[in-house]
Amino acid sequence: MRHQFRHMGPTVEPLPEVWTGRATNRLQWVLAAAGAACLALGIKLAVSANWEASITALLMAVIGCVAAGLLMLYGTLAFVHLEVTIDREALEVRCGHVGLPRKRILLSEVVQADYDPKVTPHQWGGWGCRWRPEKGTAWVVRRGEGVVVTLACGDTFTVTVDNAETAVRVIRDRLTRSNTDPLSQV
């Protein structure tokens, strides 16, 4: 169910003090399984191989499989989902189950927040943390709606998240409050 907010009259729903949203990509579990299989192959090679014959080739195969498996596992599990939190001070994005990598953008550095209904991994060159000189930085875990913030330095940051429209409303509300709050201008 999608909530529609009206911007006029007394029927406007209040915005939360802390907004939290998530984005999930279940397809990346398949890639994580491939990484686990690669890691298991490396371990099996290390345990069951005849180490007396051609040790260099065997060592390269074991190290290659283990390294590829670990990279695939971390690269996919870190971006299976992400969580976006917007509080009074900042927008924070945490990835994966461990919360790393993590990015924190102070709202005092944000000059504009926009809603993008169609963020795709194809636009950014794939899933994960991406940077393109003409577009800025993005954290993309799936295709769909996202938040685009423009910073005072001119950089942009895009993140895919469910209910991005509400996230943009919360950021804009925080920006409006900070511009009209007499204490923030002291």
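1. In this predicted model, Leu-59 counts as partly exposed because its relative accessibility is 42%, a value that falls between the 20% limit for buried residues and the 50% limit for exposed ones. Leu-59 lies in helix H2, which spans residues 55–77, and together with Trp-51, Ile-55 and Ile-63 it forms a nonpolar patch on the surface, the four side chains sharing about 360 Å² of accessible area.

2. Leu-31, placed in helix H1 (residues 28–48), is likewise to be read as partly exposed, because its relative accessibility comes to 35%. When neighbours within four places in sequence are set aside, the contacts of Leu-31 are with Met-72, Thr-76 and Trp-127. Leu-31 and Leu-77 are separated by 46 residues in sequence, yet their C-alpha atoms are 8.9 Å apart in space.

3. Turning to the interior, the largest nonpolar core has 28 residues, and those that touch the most other members are Leu-82, Val-84, Ile-86, Val-147, Val-149 and Ile-171. At least two residues of this core come from each of strands S1 (19–24), S2 (81–86), S3 (90–95), S5 (110–119), S8 (144–151) and S9 (156–160), and from helix H4 (164–180). Helix H4 supplies the largest share, namely six residues.

4. Ile-86, one of the core residues that touch the most other members, deserves a separate look. Leaving aside neighbours within four places in sequence, Ile-86 is in contact with Glu-17, Val-18, Trp-19, Leu-91, Leu-107, Ala-167, Val-170, Ile-171 and Arg-174; among these partners, Ile-171 is itself listed with the core residues that touch the most other members.

Technical notes
Residues are numbered from 1 along each chain as its sequence is written. This is a predicted model: local features need pLDDT of at least 70, side-chain atom pairs count only at pLDDT 80 or more; totals for chains, interfaces and linings use all residues. Side-chain values use heavy atoms; hydrogens and water are left out. Patches are made of residues with over 30% relative accessible area and no salt bridge: like charges are joined within 9 Å, nonpolar side chains (Val, Leu, Ile, Met, Phe, Trp, Tyr) within 5 Å. Accessible areas come from the Shrake-Rupley method with a 1.4 Å probe; for residues, only the protein chains shown count as cover. Helices (H or I, at least four residues) and strands (E, at least two) are DSSP runs, numbered from the N terminus. Buried means under 20% relative accessible area, exposed over 50%, partly exposed in between (1.4 Å probe, protein chains only). Contact means heavy atoms within 4.5 Å. A nonpolar core is a set of buried Ala, Val, Leu, Ile, Met, Phe, Trp, Tyr and Cys residues joined through side-chain atoms within 4.5 Å.
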